[in-house]
Amino acid sequence: MGERALTDIRITLGGVAAAAFLTLAPLSAQAKDIVVHMKNQGADGAMVFEPSFVKAAVGDTIRFQPTNPSHNAETMANMLPAGATPMKGAMNKEAVLTVTKPGLYGIKCMPHYSMGMVALVQVGKVAPADLAAAKAVKLPPFAARRMTAALAKVK
C-alpha cells in the first residue's frame with residue numbers, strides 16, 4: 001500500500017472517530033452536576049439543605065456537601081421513585097446521588113430529620129398520583145412543614 005493510501009485511511013478513520021465523539025458529546029454535556037449544601041443555619045432557619053428543592057433531569061448528579069459538620073444525606077425510602085437506587089451518605093462526607101428515574105426523591109439528614117432537615121429532588125415530569133403519594137407521606141412535624149413547602153414547588 002502506498003503512502004497516499006495510508007494517509008487516506010488515517011484521515012477516514014480519524015473522521016469517523018471525530019464524528020462518533022461529536023455525536024456522543026451532547027449526551028454527556030447535558031448531564032448537570034448540582035451542589036446542595038448541608039448547613040447548621042441557612043435562609044430557612046436551622047438545620048437545612050440549601051437549596052432544599054432541586055429540579056433535575058435523568059442522568060444529573062446531585063452532590064450533598066457537608067458545609068457544616070454533623071450532617072449526612074440519604075434518600076427517604078417512602079419518597080423514592082420505583083426502581084431508583086437508594087443513597088445513604090456517611091456522616092461529614094459528601095453524598096452523591098445520580099438520578100436514574102423520573103419522579104420525586106425525598107432526602108433527609110438522619111441526625112436532624114426531626115428538626116426538619118429535608119430536601120426534595122424533582123426529576124423530570126411528575127405524575128399527579130406520585131405528587132399525591134408524596135404529600136401523603138407521614139413525616140415529623142418540622143420535616144413535614146419544610147417538605148410541604150418543597151412539594152408546592154413541583155410543577
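Which residue in S6 is the bridge partner of Thr61? In this predicted model, the partner turns out to be Thr98. That bridge belongs to the pairing of S4 with S6, which runs in the antiparallel sense over 4 bridges. Strand S6 itself covers residues 95-98, and its side chains alternate. Ala95 and Leu97 point to one face and are buried, while Val96 and Thr98 go to the other face and are not. Thr98, the bridge partner of Thr61, is thus on the face of S6 that is not buried.

Zooming out, the protein has 3 helices and 8 strands. Read from the N terminus, the order of elements is α-β-β-β-β-β-β-β-β-α-α, with a helix at the start, the run of strands after it, and two helices to finish. The chain has 155 residues, and 37% of them count as buried. As for contacts between residues at least 6 apart in sequence, 63% join residues at least 24 apart. The accessible surface adds up to about 8800 Å², with carbon and sulfur atoms holding 63% of that area.

On to the aromatic side chains. How many aromatic pairs does a search of the whole structure find? Just 1 comes up. The rings involved are those of Phe49 and Phe64, arranged edge-to-face, with 5.8 Å from centre to centre and 80° between the planes. The edge-to-face label applies because that angle is over 60 degrees. In sequence the two residues are 15 apart: Phe49 lies in strand S2 (residues 45-50) and Phe64 in strand S4 (residues 61-66), so the pair links distant parts of the chain. Are these rings buried or exposed? Phe49 has a relative accessibility of 1% and therefore counts as buried. Phe64 also comes out at 1%, so this residue counts as buried too.

A ring also features in a contact with a charge. The charged end of Lys108 sits over the ring of Tyr113, at 4.8 Å from the ring centre.

Lys108 turns up again around Thr75, a residue of strand S5 (residues 74-75). What does Thr75 touch, leaving aside its neighbours within four places in sequence? The list takes in Leu80, Pro86 and Met87, then Leu97, and finally Gly106, Ile107 and Lys108. Of these contacts, Leu97 is one of the buried side chains of S6. Thr75 has a relative accessible area of 8% and so is buried as well, the cut-off being under 20%.

How values were computed
Residues are numbered from 1 along each chain as its sequence is written. This is a predicted model: local features need pLDDT of at least 70, side-chain atom pairs count only at pLDDT 80 or more; totals for chains, interfaces and linings use all residues. Side-chain values use heavy atoms; hydrogens and water are left out. Buried means under 20% relative accessible area, exposed over 50%, partly exposed in between (1.4 Å probe, protein chains only). Contact means heavy atoms within 4.5 Å. Accessible areas come from the Shrake-Rupley method with a 1.4 Å probe; for residues, only the protein chains shown count as cover. Rings of Phe, Tyr and Trp (its six-membered ring) pair if their centres lie within 6.5 Å; planes under 30 degrees apart count as stacked, over 60 as edge-to-face and the rest as tilted. A charge sits over a ring if NZ of Lys or CZ of Arg is within 6 Å of the ring centre and within 35 degrees of the ring normal. Two strands pair if DSSP finds at least two bridges between them.
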